[in-house]
Amino acid sequence: MSEASTPHAAARRELTTVQRNAVAELLRVSPVADELGRRFARAGHELHLVGGSVRDALLGRLGDDLDFCTDAHPEQTLRIVRGWAESIWETGREFGTIGCQRDGLRLEVTTFRAEAYDQVSRNPVVEYGTNLTDDLKRRDFTVNAMAVSLPDHRFTDPYGGLDDLAAKIIRTPGTPAESFGDDPLRMLRAARFAAQLCFAVHPDVRAAMVAMAADLDRITAERVRDEFTKLLCGADPITGLRLLVDTGLADRFLPELTGLKLTIDEHAQHKDVYEHTLTVVSNAVSYETDGCDFVLRMAALMHDVGKPATKAVGPDGRVSFHHHEVVGARLTKNRMKALRYPKDVTAQVTKLVGLHLRFYGYGRGEWTDSAVRRYVTDAGDLVDRLHKLTRSDCTTRNRRKAAQLAADYDALEERITRIAAEEDLARVRPDLDGNAIMELLGVPPGPVVGRAWQHLKELRLERGPLDRDEAEAELRRWAAEQGLS
């Protein structure tokens, strides 16, 4: 076997690649970073580019947000950056962090940490450290425990982060139990990095995640939510989701996901809902056109969570899940509320889950133009996402059936386009506004006007646009039925 084909040679080539990436990325930011390093040096302090910034530089994807660590305390850092930074913020000062901006780069400088944790809440209690090695040891993973000194560019890697980066392995600087005991959120972060970086979790790390999953209960819902959102928006969310389920972490904050592992009935007449869901998430990712669409991905993940509660086996042995979209929407709303997601995001995901079955049946030719109008109106500004979710939900291996479903949805989209061009479906309104209703009926503002408006809107959805005379005649007829004339 030649040296070029040996595993060691391949590893050396990989290290050379990441080192080249780092040089290119660091040269891009070095005018600002080195200048800042010189200011710290003149003041008698160290400054190091650290953590995710070094990792991303090695991967060739360093952004404009740079993280630094230093032996200087926050008040000393403030004195060093004042008059040099274009803007300064102190929102992280109680955690030892001072932020500033210079030449389009956002810089955060944090005092060396020797972090301790409250044994009840597991929230960090800040204690300043005295040296770089100890600061790196308290970091979550080896790939985030590397540093580059400024301005002299000395590389520090006491825990083998560069090797792990080349091998695409997630490992902790100390033992996983120590790391996760310090901050249980790191277990969820391991799954997040697996999804974001497409790395494998070291077996020891995985074993600790299983053994210590219950410790995640001590972490606030907001911190869990933020890590989970990053995981779901990763390049490979499926790997991250499988880790959550397989390690038991999902049971702590998203038990509906584990609950999808339904036992297939003895006749195997329905698909594995868990595997189907992961496929739908993967399909949804493929329909994105401009980065992660969290609302779409979350709707894909939750679209079938109502199935376990609605599973029924009929006399003929066939399995059904009647109204699982209604139950699923309720479960989705409750879970996202528990995770403290914003109300508007929760409402969008919940609405998509509730509507995801609406399309089925269209291919039987039963939909009138009225049904199409209602489909678009009910979806509102989520109609494009609903299209993507519905298409993603087609995971059948039956090629004929899959082709028919795709053709049916193509036909529906074409029909929506045609009707929209004729009627401006995006803004379906009654043919008479509130002022016209009050004038014709001779009534003041109030509930009667609202009921009349709703009646005319239903009529508009059912029959399409009416001319003025037709709309007025229908309003008078309705008023007579209501005893208003």
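This section describes the overall make-up, the enclosed and open spaces, and selected residues of a predicted model.

The protein chain contains 23 helices and 13 strands. Of its 485 residues, 49% count as buried. Among contacts in the protein chain with a separation of 6 or more, 64% are accounted for by residues 24 or more positions apart.

The largest pocket holds about 1,400 Å³ of space. Its lining comprises 38 residues, of which Asp67, Arg138, Arg139, Arg189 and Arg192 are the closest to the centre of the pocket. By residue class, the lining of the largest pocket divides into 19 charged, ten polar and nine nonpolar residues. Helix α7 provides the largest share of this lining, with six residues. At least two lining residues are supplied by each of α2 (52-58), β2 (65-70), β5 (105-111), α7 (185-197) and α9.

As for enclosed space, one cavity of 30 Å³ or more was counted. The largest cavity has about 40 Å³ of space, and its lining consists of Leu26, Val29, Ser30, Ala33, Asp34, Leu49, Val148, Leu150 and His153. Helix α1 (residues 7-42) contributes five residues, the largest share of the lining of this cavity. Six of the lining residues of the largest cavity are nonpolar, two are polar and one is charged.

Two of the residues that line the largest cavity, Leu150 and His153, also appear among the backbone features of the model. The peptide bond that runs from leucine 150 to proline 151 is cis, and its omega is near 10°. Proline 151 belongs to the loop between β8 (147-149) and β9 (155-156). Histidine 153 is likewise placed in the loop between β8 and β9. Although histidine 153 is not a glycine, its phi is positive, at about 60°. Histidine 153 has a relative accessible area of 36% and is therefore classed as partly exposed. A positive phi, of about 50°, is also found at aspartate 103, again a residue that is not a glycine. Aspartate 103 is located in the loop between β4 (97-102) and β5. With a relative accessible area of 52%, aspartate 103 counts as exposed, because the exposed class begins over 50%.

Isoleucine 170 forms part of strand β10 (residues 169-170). The relative accessible area of isoleucine 170 is 1%, so this residue is buried. Beyond its neighbours within four places in sequence, isoleucine 170 is in contact with Phe141, Ala190, Phe193, Ala194, Phe199, Ala200, Val201, His202 and Val205. Between the C-alpha atoms of isoleucine 170 and alanine 191, which lie 21 residues apart along the chain, the separation is 9.3 Å.

A buried charged residue is found at aspartate 215, in the loop between α8 (203-212) and α9 (221-232). Aspartate 215 has no salt bridge, and the nearest side chain of opposite charge, that of arginine 218, is 4.3 Å away. A salt bridge requires a side-chain nitrogen of Lys or Arg within 4 Å of a carboxyl oxygen of Asp or Glu, and the pair formed by aspartate 215 and arginine 218 is therefore not counted as one. When neighbours within four places in sequence are left aside, aspartate 215 is in contact with Pro184 and Met187.

How values were computed. Residues are numbered from 1 along each chain as its sequence is written. This is a predicted model: local features need pLDDT of at least 70, side-chain atom pairs count only at pLDDT 80 or more; totals for chains, interfaces and linings use all residues. Side-chain values use heavy atoms; hydrogens and water are left out. Helices (H or I, at least four residues) and strands (E, at least two) are DSSP runs, numbered from the N terminus. Buried means under 20% relative accessible area, exposed over 50%, partly exposed in between (1.4 Å probe, protein chains only). Contact means heavy atoms within 4.5 Å. Lys and Arg count as positive and Asp and Glu as negative; His and the chain ends are not counted. On a 1 Å grid over the protein atoms alone, a cavity is a set of points where a 1.4 Å probe fits but cannot get out, and a pocket is an open set with protein on both sides within 12 Å along at least five of seven lines; lining residues have an atom within 4 Å of a point. Grid points are joined across faces, edges and corners, and a volume is the space filled by probe spheres set on the points. Ala, Val, Leu, Ile, Met, Phe, Trp, Tyr, Cys and Pro count as nonpolar, Asp, Glu, Lys and Arg as charged, and the others, Gly among them, as polar.
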